[in-house]
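Thanks for sharing this one; here are my notes for when you have the coordinates open. I have kept each point short.

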Amino acid sequence: MTEFKGFFSLKKKAYKRAVNGYIPKSVIIPLRQDFKEDCKLLVNLGDSVEEGHLIARFDRDGKNPSTVFSPVPGIVENIELSPSPDGFYSKAVRIRTFGKFKFLGKKKSEVDWKSLTSYSIKNSISEFSIMNTFNTAKPSLLSDEIDEFINLKQKIIVVRLFDDDVTRISDSLISEFFLKEVLEGAEILKKAANAERIVFALDKKFAKKDEIALDSDFKTVCFDSSVFPNGFEENLIFQIRKVLTDEKYQCVSKKDLFVDSSTLLELYRCIKFNMPVIDRYVHVSGSCIPVSGMIKVPLGTTIRFLAEQCGGFIKQPCAVIVNGLVSGFSSSSLDSPVTKYVKSVTFIPFVHKPLQKASECIRCGSCRRVCPLNLYPDILYRHVSGGAIAQIEYLKTAQFCSDCGLCNSYCPSRLPISQKIAEIKKNFHYNSGEEK
């Protein structure tokens, strides 16, 4: 497997703790939080809502619901079209902050989750619509993934305590600042999913490694998080099978449950204190702002307000990158709000703006040379783009793509190769060998 170093990096040691952000005068809550459907609005203009009040819900036939809760107490001020961090627009509720907080700054009653049944915990995860952000490009409802996982014969939970994108340190910082909570979140998930074992994937330099109590059901596997790619499912599976030679761990596969430290922190807070997801720890950085930091802000806080809390812009940004420079996406507006899947926001100045104009494929082979899985990205790209019809043998290899994005990064023509490969993965029936 080919591995790469030399990407943009952040100094984790520069951050000592996370801080609480300021409460905005108003928040904007998109009714689509999980990339699936807009939730049905349950409040009207002028209604008063409490912090943690259910304001929207979407019930899917026979599946877990999507729910949206108010992150602040206040008044429903407007229902409007709002840009989401992923670049799309969604209907949203604007709530003007007003009144007493129910959770913020208050002593919270703890729930004895160990006395709860697996079903009860799973039901709470479903009702709170906790997101699994392990794959930041495709976040999904944790309850949906538990449903798929729970029927496996041998169930392993893999917890990644570092970031899969080397230009992002959100999960690494959460693991450093809230390790106790993350570990308890892993135990809660183990019970909810009736899992047998947990494997913690951590950076080889992780300072708190000794604080993870190991037993027959808890194991650790070390990685070099400065190397890319090293945090995707394929990488974790390969290293786990290599290090943990016990046959109990040799069966680990993509069917198992993969989560990150951000998800487990949210799970811990929701189940431990019986509260919905109403805020988010976001790492804010970039040379456009004077300081950076790990800030806890209510959902619905705009990216613009994040910048203001870091001292405002000292340089005008030409791009706002959400969730990492390699695997993230560019936000279309500074007025995009923080949602359940936002981990980091990076402000890029014009001087660092890369050439973005796409041209024709020049068949240089760069994408083939950098592909860690030795695929033929150019052939797959040309198939989707109408340049040439690829043989079925090539199309089947698309399912092995880990979405690391290296082909995009190294393509001199700036082609959206990984996105086109994702289309093949979505539209191709591998068993029948036919496209949809």
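The points below cover a small set of strands, a pair of helices and the enclosed spaces.

1. A word on the basis. This is a predicted model, where local features need pLDDT of at least 70 and side-chain atom pairs count only at pLDDT 80 or more, while totals for chains, interfaces and linings use all residues. Residues are numbered from 1 along each chain as its sequence is written, and side-chain values use heavy atoms, with hydrogens and water left out.

2. The sheet. Three strands form an open sheet in the order β3-β5-β6, and their pairing is antiparallel. Residues 40-41 make up β3 and residues 66-69 make up β6; both stand at the edges with a single partner strand each, so one side of each has no neighbour in the sheet. Strands here are DSSP E runs of at least two residues and helices are H or I runs of at least four, numbered from the N terminus; two strands pair if DSSP finds at least two bridges between them.

3. One pairing in detail. Two antiparallel bridges join β3 to β5 (residues 54-58). Lys40 has Arg57 of β5 as its bridge partner.

4. Two crossing helices. Helix α4 (residues 179-192) and helix α7 (residues 261-273) have axes that come within 8 Å and cross at roughly 75°, the axes being lines fitted to C-alpha atoms over the stretch in contact, with angles from 0 to 180 degrees between N-to-C directions. The two helices are therefore roughly perpendicular (65 to 115 degrees). Among the residues in contact (heavy atoms within 4.5 Å) are Val182, Ile188 and Leu189 of α4 and Leu264, Tyr268 and Ile271 of α7. By class, this contact has nine nonpolar, two polar and three charged residues; Ala, Val, Leu, Ile, Met, Phe, Trp, Tyr, Cys and Pro count as nonpolar, Asp, Glu, Lys and Arg as charged, and the others, Gly among them, as polar.

5. The largest cavity. How many cavities of 30 Å³ or more does a search of the whole structure find? There are six, a cavity being a set of points on a 1 Å grid where a 1.4 Å probe fits but cannot get out. The largest holds about 110 Å³. Its lining has 13 residues (an atom within 4 Å of a point), and Cys371, Pro372, Cys401, Cys404 and Cys407 lie nearest the centre.

6. The second largest cavity. This one holds about 90 Å³, and Cys361, Cys364, Cys367, Cys411 and Ile417 lie nearest its centre among 14 lining residues. Both α9 (366-370) and α10 (377-385) give two or more residues to that lining.

Notes: 1 Å grid on protein atoms, 1.4 Å probe; cavity = no way out; pocket = protein on both sides within 12 Å on 5 of 7 lines; lining within 4 Å. Points joined across faces, edges and corners; volume = space filled by probe spheres on them. Parallel < 35°, antiparallel > 145°, perpendicular 65-115°, else oblique.
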